[in-house]
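Let's take a walk through a protein model and see how some of its parts fit together. Have the structure open while you read.

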Amino acid sequence: MLMPFIAKSTLAGNESGESRRAPMSSRAPDPESALSRTKVLVVDDQKLIADTIAEILSNAGFETMAAYDGWEALEAAGRFHPHWLLSDVLMPRMNGVELAITLRQTDPQLTILLFSGQAGISDILLEGQRRGYEFELLAKPIHPLKLIERLKQE
Amino acid sequence: MTAEPTPLPSRQLQVTERVTVDPRLHLAAIVDSSDDAIVSKNLNGIVISWNLGAARLFGYTAEEMIGKPILTVIPPELHFEEEEILGKIRAGERIEHYETIRMKKSGERFPISVTISPIRDEAGRIIAASKIARDITERRRFDESRFRLAAIVESADDAIISKDLNGIVKTWNQGALHMFGYTAEEMIGAPILRLFPEELKYEEDEILGKLRRGEQIHHYETRRRRKNGEVFDISVNISPIRDASGKIIGASKIARDISDKKKIENLLLQSEKLAATGRMAAAVAHEINNPLESLVNLIFLARQNCAPESKASKLLTTAEEELERVAHIARQTLGYYKDTSAPVALHIHDLLDNVLTVYGARMMSAEIAVDTRYDDLQKIFVSKGEVLQIFSNLIANAIDAMPEGGVLKVSSRKVFSGSKDGIQVVIQDNGRGIDPANLDRIFEPFFTTKGNLGTGIGLWVVRQLVERRGGQVSLTSSTSHNASGTTVTIFLPFAHPKDADDEKGKTR
């Protein structure tokens, strides 16, 4: 695998050892160095998606961390203190909306962007709305350039 | 009852011998052995002779009747007949096959057919009357059932036709008139082939072949042609008709118009297909969008790792473009399609706003201004995902039609359409419009005016979803200079179509 920043989950119990989510070093530093400090936590239960997005954003000058489910993401956020949460919606154990709500409660400054490949998630989104939370939702597949553009907007 | 005497060989032999002696004895024997009642009476209506047949028929013996008035066997209310009969006899007239009612000794009345002839003496004077009577109870019963059958045939909704073995129509009921439009006068004597569509004429040979072999044809579903040329679906039963000796002389054909049934079957089939498409779309969306996301990312990364002008980089750029096409198709068709959770009451304008928000960035960069007018205060029960899909496809089309910018007008209001209350949504762009030559085909699946960029299923999906919800979609478009643009009008009734509910119940 081409990812140098493989995160291991202690909560998931599928790997032993300590979490080793080292912030990724920028491979090709972005000339707009102002963005290099923007931290994005990328969460997707499809490891390949989380890893590739993390790498792309890292190459674009963001500081990134990847996590592969909601619990893992909570743990990672506690250490990483991201500016952005970019999360899949349908995930085992804890879905993206629950994750977003939990993180928003601890960090009101966090900007949240959800993305999903499925249409059958409106119930999850509605549940969030019922609790007073509404999040921007992007449809997979999203082109990396568009994603970068979106993240640079704020 | 038949008129044939019971065969008695010995007696016949005797009679034959006596014929040479006295022919009158022969006649007397015939009278005696006849099943018919043969009686004679004088001009006052007094019985003079009474054969065994009469005794059997009326229940009175000869002893009981000879010397008694014939009125004994005539029901009181018909006594007047006797006067008329005697009058005619006196005048020398013969009465043939007169059908009337007579009475048995038991009081039972029964129908008979009588032939009455005057009897003259040697001088030619009329002195009496002979009367041959036959019980026609059986025949009456047969006639009645025949009439009843004829009435049933005439009043049947089904077309009931008979034809001979050459395929020439022999009988033609009212049902056939209604079904095919031809009258009995037009069809009797004409070949039944007239009802066959050109491409099905071969069927008649097969049908006649089967009939000649004595086979029946049950519930055969085929198509026939009405007088007005319309071809429709029918189900036919064809059975051979045999004569008394069992020889096949023709065929009866009972045809039922099943065009309505076929239409419903086709509709069901279509909605089944649609439901299956929806299920497949959902499954595909699930399985495709995630790998697509990975692929897009991987290709992007691979390109970053190539020398910018290298061959590999160019190939990857092409791969990326191709992937974008796949992504586009997936978005347009699989996006919201499956979200067919139970319908909920909501404001249509909320869904419109929802979709406009999704396309907000795209419209801004294309310099498209949005003008919304919402006047739909009443909530409507709809499947949110389906309606989002409808608006999404239409608004995407509108945006595609205005690459150089323009105005997108979106309105919603409560209307009455026919007998139904509902919400009308109008989505109007002032883009390039649709070529009139293409207007007829735009709702066809896989028809597109966008060349390589179109999937050809956007409007098709719109129409399927709208009609399944019991609504209507219409589209007008103009390509004329300075007034070009396309307007799509959608009507969704408040009431849910029953069929759709049933259909949903079945597919869930």
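Below we look at the nonpolar cores, then a sheet, then two histidines.

## What we're looking at

Keep in mind that this is a predicted model.

## The largest nonpolar core

Let's start on the inside. In soluble globular proteins, nonpolar side chains tend to be buried together. Here, the largest nonpolar core has 42 residues. If you want to find the ones with the most contacts inside this core, look for Ile348(B), Phe391(B), Leu408(B), Ile427(B) and Ile490(B).

Several elements of chain B give two or more residues to this core, including helices H12 (348–358), H14 (384–401) and H16 (458–468). Strands join in too, among them S14 (406–417), S15 (420–429) and S17 (485–493) of chain B. The top giver is H14(B), with nine residues.

## Zooming in on Phe391(B)

Which residues does Phe391(B) touch, if we skip those up to four places away in sequence? Click on Phe391(B) and you'll find Ile348(B), Leu351(B), Leu352(B) and Val355(B), plus Val425(B) and Ile427(B).

There is also another core, lying apart from the largest one, with 25 residues. Ala37(B), Leu78(B), Ile95(B) and Ala133(B) are among its members.

## A five-stranded sheet

Now for a sheet in chain B. Five strands line up as S7-S6-S10-S9-S8 to make an open sheet, and their pairing is antiparallel. At the edges sit S7 (169–172) and S8 (217–225) of chain B, each pairing on one side only. On average, neighbouring strands in this sheet are turned by 30° against each other, ignoring direction.

How many bridges join S8(B) to S9(B)? There are seven, and these two strands run antiparallel. For one spot to look at, Tyr220(B) stands opposite Val236(B) in S9(B). A helix packs on the sheet as well: H9 (residues 202–212) of chain B touches S6, S8, S9 and S10 of that chain. The direction of H9(B) makes about 155° with that of S8(B).

## Two histidines with positive phi

Finally, a pair of backbone oddities. His81(A) has a positive phi of about 50°, although it is not a glycine. You'll find His81(A) in the loop between helix H2 (70–80) and strand S3 (84–88) of chain A. Is His81(A) buried or exposed? His81(A) is exposed, with a relative accessible area of 53%.

Over in chain B, His97(B) is not a glycine either, yet has a positive phi of about 45°. His97(B) lies in strand S3 (residues 95–103) of chain B. His97(B) counts as exposed because its relative accessibility is 56%, and the cut-off for exposed is over 50%.

Technical notes
Residues are numbered from 1 along each chain as its sequence is written. Chains are lettered from A and ligands numbered from 1 in the order in which they are written. This is a predicted model: local features need pLDDT of at least 70, side-chain atom pairs count only at pLDDT 80 or more; totals for chains, interfaces and linings use all residues. Side-chain values use heavy atoms; hydrogens and water are left out. A nonpolar core is a set of buried Ala, Val, Leu, Ile, Met, Phe, Trp, Tyr and Cys residues joined through side-chain atoms within 4.5 Å. Buried means under 20% relative accessible area, exposed over 50%, partly exposed in between (1.4 Å probe, protein chains only). Helices (H or I, at least four residues) and strands (E, at least two) are DSSP runs, numbered from the N terminus. Contact means heavy atoms within 4.5 Å. Two strands pair if DSSP finds at least two bridges between them. Axes are lines fitted to C-alpha atoms, for helices over the stretch in contact, and angles run from 0 to 180 degrees between N-to-C directions.
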